[in-house]
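Welcome, and please open your viewer with selection by chain and residue number switched on. We will go from stop to stop, picking something out and seeing what is there.

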Amino acid sequence: MSTILEDIETQIAGLKTSTSKSNVGVVRDTGDGVARIEGLSDVMLNEMIEFSSGVVGLALNLEETEVGAIILGDTTRVMEGDEARTTGKLLSVPVGKALLGRVVNTIGEPLDGKGPIKAEASYPLEKIAPGVIKRRSVNQPVQTGIMAIDAMVPIGRGQRELIIGDRATGKSTIAIDAIISQARLNKAGEEGRLKDFRPLYCIYVAIGQKNSNVARALAVLDANGAMPYTTIVSAPASDTAANQYLAPFAGAAMGEWFMDNGMDALIVYDDLSKHAVAYRQVSLVLKRPSGREAYPGDVFYLHSRLLERSARVTEEAGGGSVTALPIIETQAGDVSAYIPTNVISITDGQIYLETDLFYQGVRPAISVGLSVSRVGSAAQIKAIKQVAGKIKLDLAQFRELAAFAQFGSDLDAGTKARLDRGQRIVELFKQTQYNPIPVEEQAAVLWAMQNGYLDSVPVEKIKAFQVKLQDHLRTRKEGILNSIVTKKAIDKELETELAAALDEFKSTFQ
Amino acid sequence: MKVNKEVRQLSRQLLRASFTDGQLDGGRVTSLVKSLIEKKPRNYIGVLDAYKRLLRLEVEKRSATIESATELNAEASAKIVDNLKRKYGPDLATEFVVNPALLGGMRIRVGSDVWDSSVRNRLQRLQEQL
């Protein structure tokens, strides 16, 4: 108690002598979440300003005689004639582990009713991305638990992989699956079951989405035990455009704290199309000149500076990383629209989801031909590299042949084998949502496929075979799975063990 | 209010022409306005509006408002004006206002700079810190 009194006394003593100098202006007009302020001669770009009602704003346009500012918070409380003063501060959000398990808004205020957040630090929303010297190449995997992604378009820690597709093709589901997978790995790591495991904390930024969607994502993450490792930053459709525009930057700031403290973070931006639309609205009401599709000229810079903040830093800089999974919604599969091409060119690869595949029952509906990861196999463990090396090629050949095979029935043995193999791979890659598969089971199943154990199983029974095989390995051959985890590769000894296990399983499977 | 480019440029030129030796010249302003009204160029009312606004901002930059909770005595006000003129130049216009809402102390505003040593401001800051 006495320390509190002393604290207050010193603060009062500090106030007695000081005359505060500030820079003020007067609100000339306000509307659409934007205020135009006369005066404020010393304001800096992106500086936080405070209106007399206590509402804060952000100075975005510095003009000759006035300042254009977006209002964060209750816009109805800012009126013409109000005084606005500079604060000398940048807009910042609370960061740290206290945010895990919480749902917050753009400025880090809790939305989940679980009480105030005791954050250990706060970071500015806008920060310059790590430079060349601080960075290192990506070489650790982010296990998404989705077999098609982990085998064909692997994602590494520090990478930026775009998830792109039409509406309702399972874009958010992939991101949520990845978060659930991280949570399971984190839990296993905490229990000491994984050697040298670095936990990966997740941040899900929902931009311009329906509140019901955010609630559903929250419920799924909660039900799968992922919330203790996850923060949700929500700027729903009902939020102001200014808040929607700033939300991903808030998420990036929260992720950077993990990176700066030598930890790993995964950020999902769901989605950047709506983010661009919110930024367009802010820019238009600020009367900035518009360009193509009425987006402002700096919409590319908006996304590039955001995504450039994901990085893997060197050991000297702490060795942390921020991985980004931006999501883009296309209209009728048009990837050549303005925002999709921008973001495709910024990211290190994309996962392209197709409506046709989705309705054919191939879920996740990942288009093999159009999905790439520029980091490639550097982000895979050796066991997966060994079994998945040829899969992309096999599938590409299968798609080409499948078109021909529709016409003729007389196929030579080589073509038929390739078709059969392709069909089985497609079946294997089908996966139910919110059900990530551990990497060791992926390796074992793919090994079985590569070594012909699936060739004699009818296509319609492949899924059942896979599920039972995983079950069999989990319950009866835990040793094999454990040694894949520890060795991270499939050596001669493991191969014989796997072969024996598969022979045993096949004899019982019908 | 939408100000078009032509109006903005012309009003800015007018403002630039209203200075002699870096100080706003009342005579020049009047003659400029008069000649504009006589010649009636395109959009001249808009130009006058924009010019008026620029002049207002310019005048605000060179005027000080000194608010105090109680009326200041002659000696104190002279000292304040003297100090302000030394800082901002001799053409500074000063205005004294009594504002009991300050509770005590003074608040001086010159252009967009504000020096606040009022009791109200100190209380507000204390409230923020606690």
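A helix here is a DSSP run of H or I with at least four residues, a strand is a run of E with at least two, and both are numbered from the N terminus. Keep in mind as you look around that this model is predicted.

**Stop one: a loop in chain A**

Select A:Pro364, in the loop between helix 9 and strand 18 of chain A. What kind of peptide bond joins A:Arg363 and A:Pro364? The bond is cis, with omega at about 0°.

Now move along to A:Leu370, which is also placed in the loop between helix 9 (355–360) and strand 18 (372–373) of chain A. A:Leu370 counts as partly exposed because its relative accessibility is 46%, and partly exposed covers what falls between buried, under 20%, and exposed, over 50%. Show its surroundings: setting aside neighbours within four places in sequence, A:Leu370 touches A:Gln350, A:Tyr352 and A:Glu354. Draw a line from the C-alpha of A:Leu370 to that of A:Gln350 and you should read 7.9 Å, for two residues 20 apart in sequence.

Next, step onto helix 9 of chain A and pick A:Tyr359. Is A:Tyr359 buried or exposed? With 60% relative accessibility, A:Tyr359 counts as exposed. For a longer line across the model, join its C-alpha to that of A:Lys210: the two are 149 residues apart along the chain and separated by 24 Å.

**Stop two: a covered helix**

Select residues 299–307 of chain A, which make up helix 7. How many of its nine residues are buried? Seven are, so this helix is mostly covered. The buried ones are A:Val299, A:Leu302, A:His303, A:Ser304, A:Arg305, A:Leu306 and A:Leu307. Turn on the elements around them: the buried residues pack against helix 5 (241–260), strand 15 (264–270), helix 6 (272–285), strand 16 (321–329) and helix 8 (338–346) of chain A.

Two of those elements lead to another cis bond. A:Asp271 is in the loop between strand 15 and helix 6 of chain A, and the peptide bond joining A:Asp270 and A:Asp271 is cis, with omega about -10°.

**Stop three: two crossing helices**

Colour residues 462–476 of chain A, helix 14, and residues 492–508, helix 16. Their axes come within 11 Å and cross at roughly 120°. That angle is why helix 14 of chain A is called oblique to helix 16 of chain A. Turn the view to look through both: the crossing of helix 14 and helix 16 of chain A is right-handed.

Which residues meet here? Show the side chains of A:Phe465, A:Lys468, A:Leu469, A:His472, A:Leu473 and A:Arg476 on helix 14 of chain A. Facing them from helix 16 of chain A are A:Ala501, A:Leu502, A:Glu504, A:Phe505 and A:Lys506.

**Stop four: positive phi angles**

Select A:Lys488, in the loop between helix 15 (478–487) and helix 16 of chain A. Its phi is positive, about 60°, although A:Lys488 is not a glycine. A:Lys488 has a relative accessible area of 39%, so it is partly exposed.

Then jump to A:Ala168, in the loop between strand 12 (162–165) and helix 3 (171–190) of chain A. A:Ala168 is not a glycine either, yet has a positive phi of about 55°. With a relative accessible area of 44%, A:Ala168 is partly exposed.

**Stop five: rings**

The whole structure holds eleven aromatic pairs over all chains. One of them is in chain B: B:Tyr88 and B:Trp115 sit edge-to-face, 6.3 Å from centre to centre and with 75° between the planes. This pair connects distant parts of the chain, 27 residues apart, with B:Tyr88 in helix 4 (residues 74–88) and B:Trp115 in strand 6 (residues 113–116) of chain B. B:Tyr88 is partly exposed at 27% relative accessibility, and B:Trp115 is partly exposed at 21%.

Leave B:Tyr88 selected and add B:Lys87, which lies over the face of the B:Tyr88 ring, 6.0 Å from its centre. For a partner scene in chain A, select A:Arg280 and A:Tyr295: the charged end of A:Arg280 sits over the tyrosine ring, 4.4 Å from the centre.

Finish with A:Tyr201, A:Trp257 and A:Phe258, which together form one aromatic cluster.

Methods
Residues are numbered from 1 along each chain as its sequence is written. Chains are lettered from A and ligands numbered from 1 in the order in which they are written. This is a predicted model: local features need pLDDT of at least 70, side-chain atom pairs count only at pLDDT 80 or more; totals for chains, interfaces and linings use all residues. Side-chain values use heavy atoms; hydrogens and water are left out. Rings of Phe, Tyr and Trp (its six-membered ring) pair if their centres lie within 6.5 Å; planes under 30 degrees apart count as stacked, over 60 as edge-to-face and the rest as tilted. Buried means under 20% relative accessible area, exposed over 50%, partly exposed in between (1.4 Å probe, protein chains only). A charge sits over a ring if NZ of Lys or CZ of Arg is within 6 Å of the ring centre and within 35 degrees of the ring normal. Axes are lines fitted to C-alpha atoms, for helices over the stretch in contact, and angles run from 0 to 180 degrees between N-to-C directions. Angles under 35 degrees count as roughly parallel, over 145 as roughly antiparallel, 65 to 115 as roughly perpendicular and the rest as oblique. A crossing is left-handed if the near helix is turned anticlockwise from the far one by less than a right angle, and right-handed if clockwise. Contact means heavy atoms within 4.5 Å.
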